[in-house]
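Visitor: Could you take me on a close look at a single part of this structure, and then show me how the rest of the chain fits around it? I would like one connected tour.

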Amino acid sequence: MSVSVAEDRPLSRVEPSHADLDRALAELGDSARAFARLPPRDKARLLREEVLPRVEASALRMVQASCHEKGIDAAAPIAGEEWLAGPCTIASNVAALADALDQIATRGAPRLPFRAVREEDGRTKVRVFPMRGSDGALLSGFTCDVHLERGVRRADVRAEQATFYRQADPEGGVSLVLGAGNVASIGPMDTLHTLFNEGRVVVLKTSPVNAYLGPILEDMLAPLISRGFVRIVHGGPEVGSYLASHRLVSHVHITGSQHTHDIIVWGKPGSEQDTRRAANDPVLKKPITSELGNVSPVVVVPYLYAEDELWFQARSVATQIVNNASFNCNAAKMLVLARGWAQRDLFLDKLQQALGEVRPRKAYYPGAEQRHASLVKGHDRVRFIGEASAGTLPWTMITDLDAADPREPLFSTEPFCGIVSEVSVGSDDPAEFLAAATRFCNDTLWGTLSASIVCPSILEEDPVVGAALERAIDELRYGAVAVNHWPGLVYGTVTAPWGGHPSVTLADVKSGIGFVHNTVMLGRIEKAVLRGPLKTFPRPPFFYDHRNMAVTAERLLRYYARPGWGRLPAVAMAALRG
């Protein structure tokens with residue numbers, strides 16, 4: 001079933017038997033009620049005193065294993081990607097949950113900053129970043145607000161926080177978390193959310209793509225495993241299917257592809273799925289939440305940008321493309337530019353220049369080469385960037401797509417490889433363009449997970465353009481919208497919710513249903529909106545060209561694991577050397 005936490009050997013390729021899985025679920029079921037009723041203070045102590053030190057102790061092994069599998073030099077600055085997307089974010093999540101649980105024990109709900117809740121234009125918004133004292137020091141000038149669904153009033157916010165902890169005698173339950181194969185933190189953080197936000201014990205099934213992390217995750221989560229709150233199993237689709245349909249599993253969460261989700265929910269592709277959808281008769285008749293990917297747009301508002309502003313944004317977009325070899329659900333995939341924008345060609349040239357600074361990466365995710373070939377085929381305006389070798393793919397720009405072509409596969413298919421495309425809509429009038437870009441993203445592009453908008457502050461301050469920008473942010477049907485930066489930062493805050501826009505249905509799920517992370521435990525969420533300056537100094541530590549990314553990220557992990565103001569200067573100094 002799974003490797004003992006005391007063992008550090010290659011993971012067995014033998015899938016667990018049904019008897020093994022039955023036994024794991026029975027053990028979880030025996031602990032479900034006890035965990036659900038464990039006082040918040042005890043849960044906080046368990047996280048802070050037992051889990052967090054193990055995350056720190058296991059961090060280097062996680063980074064080295066991920067780098068090895070992804071073809072990254074673990075001693076190079078780019079290894080910082082694995083520190084940031086792996087143990088650093090996990091540690092931040094554990095620490096934030098421990099704080100939230102202590103606050104629930106003291107005051108009934110996680111604390112919100114002073115004046116965090118406000119009502120604007122008929123919408124209640126809650127500021128969730130900066131939250132901790134260190135947030136402003138680490139990301140100066142950045143904010144993140146959660147927009148709640150229409151109808152939620154300011155007075156409702158606290159009453160709908162941490163609803164699980166308002167139950168008198170919860171029974172709990174067993175959740176299946178089907179882990180993602182691309183990012184080390186996704187599976188464990190989905191597990192933490194299910195445990196501590198929703199009150200259910202968890203069987204985490206790793207993806208075959210990164211099952212090599214299994215022994216490391218077992219070390220990290222050993223205090224939860226030893227108490228019967230978590231079990232980690234490994235295997236392919238048959239194992240996942242058996243677990244999802246098991247009578248002891250009351251809820252399923254999946255991070256992966258819509259194809260996999262629909263097989264679990266609706267059965268075999270083709271006539272079976274079609275018949276079941278028409279009759280609203282899913283195979284899986286139990287709650288399922290999900291996060292499933294996106295054709296992620298980057299909307300650039302037309303303006304006469306300064307040279308350094310264009311170069312910063314070109315590097316920002318390049319980072320969103322190359323990070324993790326572009327195997328991210330929030331990787332930049334569609335540049336939405338203004339028809340007639342005078343700097344269009346200059347921006348695309350600078351983006352090509354930025355991509356040219358990054359050596360093509362190992363195409364480690366299954367099917368990447370086939371997807372790349374299929375999506376490039378039939379397009380005339382293709383730029384291949386970088387010398388690809390065996391097992392790698394060149395960064396690829398496909399330009400001049402026809403926004404009115406309903407058959408364009410790049411609008412409906414997430415490449416999940418190093419392809420970024422470009423389309424022009426609207427006009428070079430900023431307000432008109434924002435309206436046209438919003439319609440295009442909502443009505444043409446597949447997915448509801450995340451989008452970004454590049455807009456200088458001088459335009460935000462213009463009454464007409466500023467109003468158009470706020471209208472676009474409000475109307476975009478995405479669970480995360482970032483202004484001037486990568487929506488992946490919403491994921492990284494851990495205090496903010498992360499998930500697809502709630503306008504979807506189970507039959508047409510797009511980027512998924514539900515939100516994870518959300519360590520302040522808000523209810524009735526519509527989206528998270530992150531804002532930052534058009535250009536920052538020093539360069540963000542996650543930029544592909546940050547020369548000290550790995551050192552900065554490791555120091556940040558140490559800070560989250562053992563917080564203290566005395567550790568922040570070391571983080572700042574490392575970041576400044578980038």
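Guide: Happily! Let us start at isoleucine 288, which is buried, with a relative accessible area of 9%. Please keep in mind that this is a predicted model. Isoleucine 288 sits in strand β8, which covers residues 288-291. Leaving aside residues up to four places away in sequence, its contacts are Val252, Ile254, His261, Ile264, Val265, Leu506 and Ile513. For a sense of distance, take glutamate 160: 128 residues separate isoleucine 288 from glutamate 160 in sequence, and their C-alpha atoms are 21 Å apart in space.

Now let us step back to the whole chain. Its secondary structure comprises 21 helices and 18 strands. Of its 578 residues, 60% count as buried, and isoleucine 288 is one of the buried residues. When contacts between residues at least 6 apart in sequence are considered, 77% of them join residues at least 24 apart. A compact globule of 578 residues would have a radius of gyration near 25 Å, and the 23 Å of this chain agrees with that. Along the principal axes, the C-alpha atoms fill a box of roughly 65 × 55 × 50 Å. The accessible surface is about 22100 Å², with 52% of it belonging to carbon and sulfur atoms. As for charge, the mean positions of the 63 positive and 66 negative charges lie 4 Å apart.

Aromatic rings make a good next stop, as the structure holds 17 aromatic pairs. One of them is the edge-to-face pair of phenylalanine 327 and tyrosine 364, with 4.8 Å from centre to centre and 75° between the planes. This pair links distant parts of the chain, 37 residues apart: phenylalanine 327 is in the loop between α12 (307-322) and β10 (332-338), and tyrosine 364 is in the loop between α13 (344-356) and α14 (368-376). Both phenylalanine 327 and tyrosine 364 are buried. Another pair, tryptophan 486 with phenylalanine 542, is tilted, because the ring centres are 6.3 Å apart and the planes meet at 50°. Here, too, distant parts are linked, 56 residues apart: tryptophan 486 belongs to the loop between β15 (480-483) and α19 (488-493), and phenylalanine 542 to the loop between β18 (525-531) and α20 (549-561). Tryptophan 486 and phenylalanine 542 are both buried. There is also an aromatic cluster, made up of Tyr303, Tyr305, Trp341 and Phe347.

Tyrosine 364 leads us on to glycine 391: their C-alpha atoms are 7.8 Å apart, with their positions 27 residues apart along the chain. Glycine 391 lies in the loop between β11 (382-385) and β12 (395-401). With a relative accessible area of 32%, glycine 391 is partly exposed, whereas isoleucine 288 is buried. Beyond residues up to four places away in sequence, glycine 391 touches Arg361, Lys362, Ala363 and Glu369.

Let us finish with the backbone. Most residues other than glycine have a negative phi, and most peptide bonds are trans. Valine 494, however, has a positive phi of about 60°; this residue is in the loop between α19 and β16 (497-499) and is buried at 0% relative accessible area. Histidine 517, in strand β17, has a positive phi near 65° and counts as buried at 2% relative accessibility. A cis peptide bond joins phenylalanine 129 to proline 130, with omega about 0°, and the bond from phenylalanine 537 to proline 538 is cis with omega near -5°. Proline 538 lies in the loop between β18 and α20, which also holds phenylalanine 542.

Technical notes
Residues are numbered from 1 along each chain as its sequence is written. This is a predicted model: local features need pLDDT of at least 70, side-chain atom pairs count only at pLDDT 80 or more; totals for chains, interfaces and linings use all residues. Side-chain values use heavy atoms; hydrogens and water are left out. Helices (H or I, at least four residues) and strands (E, at least two) are DSSP runs, numbered from the N terminus. The radius of gyration is taken over C-alpha atoms; the globule rule is 2.2 Å times the number of residues to the power 0.38. Buried means under 20% relative accessible area, exposed over 50%, partly exposed in between (1.4 Å probe, protein chains only). Contact means heavy atoms within 4.5 Å. Accessible areas come from the Shrake-Rupley method with a 1.4 Å probe; for residues, only the protein chains shown count as cover. Lys and Arg count as positive and Asp and Glu as negative; His and the chain ends are not counted. The place of a charge is taken as NZ of Lys, CZ of Arg, CG of Asp or CD of Glu. Rings of Phe, Tyr and Trp (its six-membered ring) pair if their centres lie within 6.5 Å; planes under 30 degrees apart count as stacked, over 60 as edge-to-face and the rest as tilted.
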